[in-house]
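Thank you all for coming; I would like to walk you through some side-chain contacts and a couple of backbone details. Please have the structure open while I talk.

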Amino acid sequence: MQAHLVDGTYELFRYYYALPEHIAADGMDVAAARGVVGTCLTLLEEGATHIGVATDHVIESFRNDLWAGYKDGSGIDPVLFAQFPLVEDALEAAGFCVWAMVDCEADDALGAAAAQLAEDPALDRVIICTPDKDMAQCVRDDGRVVQLDRRKGVLFDRAGVIEKFGVPPESIPDWLALVGDAADGFPGLAGWGAKSAAAVLAHYGHIEAIPPMADDWEVGVRSAGRLAATLRDELENALLFRRIATLELDSITTSLADLEWTGPTEALVAMSDRLDAPGLLERAVKLAEARA
């Protein structure tokens with residue numbers, strides 16, 4: 001048995017930019033919300049039985065208090081932003097387990113769910129469905145938690161994470177702290193690039209284990225002296241950025257039973273009208289009948 005954890009915010013953005021607008025009777029563009037519900041139904045049609053979807057009910061989180069430049073949603077198109085609550089209602093109407101995050105983020109919910117579900121002996125594997133690089137920290141050595149980029153059809157286990165980033169899952173927050181994450185709004189440390197950070201962390205594992213003087217490094221990288229000096233000068237920021245990049249694994253509490261899809265709710269009838277999407281209702285009903 002497998003559980004699928006879906007990054008609803010990522011999917012909403014993806015479908016907003018991938019699909020032409022679809023204006024409903026109330027004048028609202030609902031194309032992205034339709035796309036997210038549709039892709040979750042596709043997972044069911046492909047054989048998934050347990051699905052949880054995490055969303056950012058608001059963009060801001062506790063991380064905005066830690067770093068002034070952290071993402072705040074100010075650049076989001078209002079047409080897209082208006083579909084945030086809509087997609088949550090639509091997913092719940094379709095019968096999916098939804099974690100709408102406020103103080104923490106969707107990524108935190110995905111990480112927390114993965115960590116908790118991986119301890120359930122009834123479950124063979126947790127599949128986190130998102131390409132977001134910070135989610136690579138959740139991948140487990142035993143293969144019970146993997147990451148899937150559904151758009152590219154690429155599955156990342158521990159070896160895949162190392163191949164992609166040059167560091168194992170447990171070093172991903174450290175790697176992000178040094179390299180930075182433009183999408184999340186923190187810059188990393190000056191001079192530290194993906195390759196230099198990977199080379200150093202592949203040997204030392206975590207930021208605090210890196211010797212302060214480059215002469216003591218047991219790994220060769222270009223401009224090691226400058227990198228070491230930058231790390232010494234900006235160690236406080238490096239540790240802060242790692243804190244920002246580390247997922248909150250107590251952000252939600254869930255169980256395998258919460259994720260079991262048992263069919264759409266009665267609310268999907270009205271919701272399919274609101275989305276001008278009778279096909280979504282037909283698909284959900286057909287799936288429920290097949291599993292009855």
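Let me start with a question: is Asp108 buried or exposed? Asp108 is buried, because its relative accessible area is 0%, where buried means under 20% relative accessible area, exposed means over 50%, and partly exposed is what lies in between, computed with a 1.4 Å probe on protein chains only. Before I go on, please keep in mind that this is a predicted model, in which local features need pLDDT of at least 70 and side-chain atom pairs count only at pLDDT 80 or more, while totals for chains, interfaces and linings use all residues. Residues are numbered from 1 along each chain as its sequence is written, and side-chain values use heavy atoms, with hydrogens and water left out.

Now to the charged pairs. Side chains of opposite charge can pair when their charged atoms come close. The search of the whole structure finds 15 salt bridges, a salt bridge being a side-chain nitrogen of Lys or Arg within 4 Å of a carboxyl oxygen of Asp or Glu. In one of them the side chains of Asp108 and Arg63 meet, at 2.8 Å from N to O. Asp108 belongs to helix H6 (residues 106–117) and Arg63 to helix H3 (residues 63–66), so this pair ties together parts that are 45 residues apart in sequence; helices here are DSSP runs of H or I with at least four residues, strands are runs of E with at least two, and both are numbered from the N terminus. Arg63, like its partner, counts as buried, at 2% relative accessibility.

A second region is built around Arg140, which is partly exposed with a relative accessible area of 24%. Arg140 forms a salt bridge with Glu119, whose closest N and O atoms are 2.8 Å apart. Because Arg140 lies in the loop between strand E4 (125–129) and strand E5 (145–149), and Glu119 in the loop between H6 and E4, the pair ties together parts that are 21 residues apart in sequence. Glu119 is exposed, with a relative accessible area of 56%. Arg140 also forms a salt bridge with Asp142, here with the closest N and O atoms 2.6 Å apart, and Asp142 is partly exposed at 46% relative accessible area. Coming back to Arg63 and Asp108, salt bridges that share partners join them with Lys71, Glu105 and Asp184 into one network.

Let me turn to the aromatic rings. How many aromatic pairs are there? The count comes to 8 aromatic pairs, where rings of Phe, Tyr and Trp (its six-membered ring) pair if their centres lie within 6.5 Å, and planes under 30 degrees apart count as stacked, over 60 as edge-to-face and the rest as tilted. Phe81 and Phe84 form an edge-to-face pair, with 5.1 Å centre to centre and 70° between the planes. Phe81 is partly exposed at 38% relative accessibility, whereas Phe84 is buried at 3%. The rings of Phe165 and Trp175 have centres 5.2 Å apart and planes at 70°, so that pair is edge-to-face too. Phe165 in helix H7 (residues 158–165) and Trp175 in helix H8 (residues 172–179) are 10 residues apart, and both are buried. Phe13 joins Phe81 and Phe84 in one aromatic cluster.

Finally, the backbone. Ser223, in the loop between helix H9 (194–204) and helix H10 (224–233), has a positive phi of about 60° although it is not a glycine.
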